[in-house]
Amino acid sequence: MYVIIAGGGKVGYYLGRELLGGDHEMLVIERSASRAAEINDLLEGTVQQGDACEASVLDGAGIARADLVAAVTGDDEDNLVVCEIARYRGVPRVLARVNNPTNAVLFQKRGIETTVSATEAILSQIEQELPVTSMVPVMQLHQGLELVEVRLSETSPVVGRTPREVLLPPESLIALIVDSGGVPRVPGADTTLTAGDALVVVTRAESKGMLQEALIGGAHGFDT
């Protein structure tokens, strides 16, 4: 696989190093001449100095045959530009680092579904340790879908019902139920939802508010 990495900071450097270790072909494009020279030897000469926001630079890097372009600079605007050029050039997969989590929606609206946010990842881990949190983001999936964990309290309107009796937002699905004892089970026709259950739900990002209302019964415990 040939991967082009836009950005030779710490993220780009370590990503490149891991790809080299996995015997993949890759190229890091770094704007700073001094930084490019610094990491070039460490990455076995696979670093090109240039601005990845310029189509000519990406063309010179062989973007026409790239299998994946990862835009991991510290600037969200630059990452968006790189991804859009890559998509225009027909790259099968693009991945963007999102430094400001609020910008993730903008990337999705522009058709860039695969984004990685360190802030969101750390926040998700923290929220999973907070018992007062009713809804926890777990993972972003493709095509605008997300995986969330919903914890049912005694006041939840769905307690005592079966999953098929719960009116979920469009394109939402209860994929797994983990009871208060930590035992997972696939929801069935006769499964009864109880207080303390954690529901693993697939839903659309824009439907999380409706999902919260359906399962928790109020705007608390999660900030969209």
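1. Let's start in the middle of a sheet: Ala70 stands opposite Leu95 in strand β5. β4 and β5 (residues 93-97) run parallel, with four bridges joining them. On the β1 side, β4 is again in a parallel pairing over four bridges, and here Val3 stands opposite Leu68. A note on words: two strands count as paired if DSSP finds at least two bridges between them. Helices (H or I, at least four residues) and strands (E, at least two residues) are DSSP runs, numbered from the N terminus.

2. Before you go further, some small print. You're looking at a predicted model, where local features need pLDDT of at least 70 and side-chain atom pairs count only at pLDDT 80 or more, while totals for chains, interfaces and linings use all residues. Residues are numbered from 1 along each chain as its sequence is written, and side-chain values use heavy atoms, with hydrogens and water left out.

3. Now the overall picture. The protein chain has seven helices and eleven strands, and its C-alpha trace spans about 60 × 30 × 30 Å along the principal axes. Of its 224 residues, 45% are buried; here buried means under 20% relative accessible area, exposed means over 50%, and partly exposed is in between (1.4 Å probe, protein chains only). Take the contacts (heavy atoms within 4.5 Å) between residues at least 6 apart in sequence: 54% of them join residues at least 24 apart.

4. Back to β4, residues 68-71. Which way do its side chains point? Leu68 and Ala70 go one way, Val69 and Ala71 go the other, and all are buried. That fits a general pattern: in a regular strand the side chains alternate between the two faces of the sheet.

5. Helix α1 (residues 10-21) is a nice one for checking a rule with your own ruler. The expected span is 1.5 Å times one less than the number of residues, so the twelve residues of α1 should span 16 Å, and the end C-alpha atoms are indeed 16 Å apart. Its buried residues are Gly12, Tyr13, Gly16, Leu19 and Leu20. Seen down the helix axis, they fall within an arc of 130 degrees, so they line one face of α1; the arc is that of the directions from the helix axis to the C-beta atoms. The face turned away from them carries the exposed residues Lys10, Glu18 and Gly21.

6. What covers the buried residues of α1? The cover includes β1 (2-6), β2 (25-30) and α2 (33-40). Just after α1, look at Asp23, which takes a positive phi of about 65 degrees.

7. α1 also holds Tyr13, and a search of the whole structure finds one aromatic pair. The rings of Tyr13 and Tyr14 have centres 5.0 Å apart and planes at 65 degrees, so the pair is edge-to-face. The rule: rings of Phe, Tyr and Trp (its six-membered ring) pair if their centres lie within 6.5 Å, with planes under 30 degrees apart counted as stacked, over 60 as edge-to-face and the rest as tilted. Tyr13 counts as buried at 12% relative accessibility, whereas Tyr14, at 44%, counts as partly exposed.

8. On to another sheet. Five strands form an open sheet in the order β7-β8-β11-β9-β10, with antiparallel pairing. The edge strands are β7 (135-140) and β10 (184-185), each pairing on one side only. Further in, β8 (residues 145-151) and β11 (residues 198-204) pair over seven bridges in the antiparallel sense. One spot to find: Glu146 has Thr203 in β11 as its bridge partner.

9. Helix α7 (residues 208-215) packs on this sheet, touching β7, β8 and β11, and its direction makes about 150 degrees with that of β11. (Axes are lines fitted to C-alpha atoms, for helices over the stretch in contact, and angles run from 0 to 180 degrees between N-to-C directions.) The buried residues of α7 are Lys208, Leu211, Gln212, Ala214 and Leu215. Down the axis they fall within an arc of 165 degrees, so they line one face of α7. Just after α7, Gly217 takes a positive phi of about 85 degrees.

10. Finally, a loop residue. Leu141 sits in the loop between β7 and β8 and is partly exposed, with a relative accessible area of 29%. Setting aside neighbours within four places in sequence, Leu141 is in contact with Glu113, Glu146, Leu147 and Val202. Leu141 and Thr115 are 26 residues apart in sequence, yet 9.3 Å apart in space, C-alpha to C-alpha.
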